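Here are some notes to read beside the structure, written for someone meeting it for the first time. Take the points in order, and keep the view open as you go.

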Amino acid sequence: MPLPASERYDDERICAVMSHKLAAHLAGHGWIGKSCLLITPRAGPRVRWITILTDAPPLEITGSPLDDHCGECTDCVDICPVSAFTGVPFSEEDPREVRYDAAKCEQYLNSGEEWSVCGMCVYICPPGLRKK
């Protein structure tokens, strides 16, 4: 059963049925940054994730979660036009609200007639940027 990248399950909590980013993080594809985006070493946050649930036999686990490489960087926090990010590093134990206010993002996006996504946090993130 495919779970598309942008299919919302809960409008009140502004979330999907499961976190594609957390699944990718646990599989070792990247770390979850201060923007709550999964950041890969090669592409940074410039990726889209989908999940496919299956009853196929389990795969051998070969990866492990990557350590956070954001360090002292707060570019995504600083550029956010509605201050939706707190700058608190990711911890599996913390609810998303400790790091990110999804409602602020949603309200900002709904207020614009010329855009449906902001993407400033994706734009500014150093990992994966192409050097000119």
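1. A good place to start is C76. In this predicted model, C76 is buried, at a relative accessible area of 11%. The cysteine sulfur closest to that of C76 belongs to C73, and the two are 6.4 Å apart, too far for a bond.

2. C36 makes a useful companion to C76. The closest cysteine sulfur to that of C36 is the one in C76, at 8.8 Å, which is again too far for a bond. C36 is also buried, with a relative accessible area of 6%. Searching the whole structure turns up zero disulfides. A disulfide would need two cysteine sulfur atoms within 2.5 Å, so the distances of 8.8 Å for C36 and 6.4 Å for C76 rule these pairs out.

3. Both of these cysteines sit in the largest nonpolar core, which has eleven residues. Its members are I14, C36, L37, C76, V77, C80, A84, F85, Y100, A102 and C121. As background, nonpolar side chains tend to be buried together in soluble globular proteins.

4. Please look at the backbone of C36 as well. C36 lies in the loop between β2 and β3, and its phi is positive, about 65 degrees, although C36 is not a glycine. S83 also has a positive phi without being a glycine, with a value near 55 degrees. S83 is in the loop between α2 (75-79) and α3, and it is partly exposed, with a relative accessible area of 47%. For context, most residues other than glycine have a negative phi.

5. S35 is worth a moment too. It is placed in the loop between β2 (31-32) and β3. Is S35 buried or exposed? S35 is buried, with a relative accessible area of 6%. Setting aside residues up to four places away in sequence, S35 touches C76, F85 and C121. Those three residues are listed in the largest nonpolar core.

6. Next comes L37, another member of that core. Which residues does L37 contact, apart from its neighbours within four places in sequence? They are K21, W31, I32, P45, C121 and V122.

7. L38 belongs to strand β3 (residues 38-39) and is buried, with a relative accessible area of 3%. Not counting residues up to four places away in sequence, L38 touches K21, A24, H25, H29, G30, W31, I32, G44, P45, V47 and W49. W49 is eleven residues from L38 along the chain, and the C-alpha atoms of the two are 9.3 Å apart.

8. H25, one of the residues that L38 touches, is in helix α1. H25 counts as buried, because its relative accessibility is 5% and the limit for buried is under 20%. Beyond its neighbours within four places in sequence, H25 is in contact with G30, W31, I32, L38, P65, L66 and F90.

9. Now for the empty space. The largest pocket has a volume of about 1700 Å³. It is lined by 48 residues, and those closest to its centre are K21, C36, L37, R96 and Y100. Among these, C36, L37 and Y100 are also in the largest nonpolar core.

10. Which elements supply at least two residues each to the lining of the largest pocket? They are α1 (20-26), α3 (102-111) and α4 (120-124). The largest share, six residues, comes from α3. Sorted by class, this lining has 29 nonpolar, eight polar and eleven charged residues.

11. The second largest pocket has a volume of about 620 Å³. Of its 21 lining residues, A23, A27, T51, I52 and L59 are the closest to the centre. Both α1 and β4 (51-52) supply at least two residues of this lining, and α1 gives the largest share, four residues. The lining divides into 14 nonpolar, six polar and one charged.

12. To finish, two places to revisit in the view. Helix α1 supplies residues to the lining of the largest pocket and to that of the second largest. C36 is buried, has a positive phi, and is one of the residues closest to the centre of the largest pocket.

How values were computed: Residues numbered from 1 in each chain as written. Predicted model: local features only at pLDDT ≥ 70, side-chain atom pairs only at ≥ 80, totals over all residues. Heavy atoms only, no water. Core = buried A, V, L, I, M, F, W, Y, C linked by side-chain atoms within 4.5 Å. Buried < 20%, exposed > 50% of the residue type's maximum accessible area, 1.4 Å probe, protein only. Contact = heavy atoms within 4.5 Å. 1 Å grid on protein atoms, 1.4 Å probe; cavity = no way out; pocket = protein on both sides within 12 Å on 5 of 7 lines; lining within 4 Å. Points joined across faces, edges and corners; volume = space filled by probe spheres on them. Nonpolar A, V, L, I, M, F, W, Y, C, P; charged D, E, K, R; others polar.
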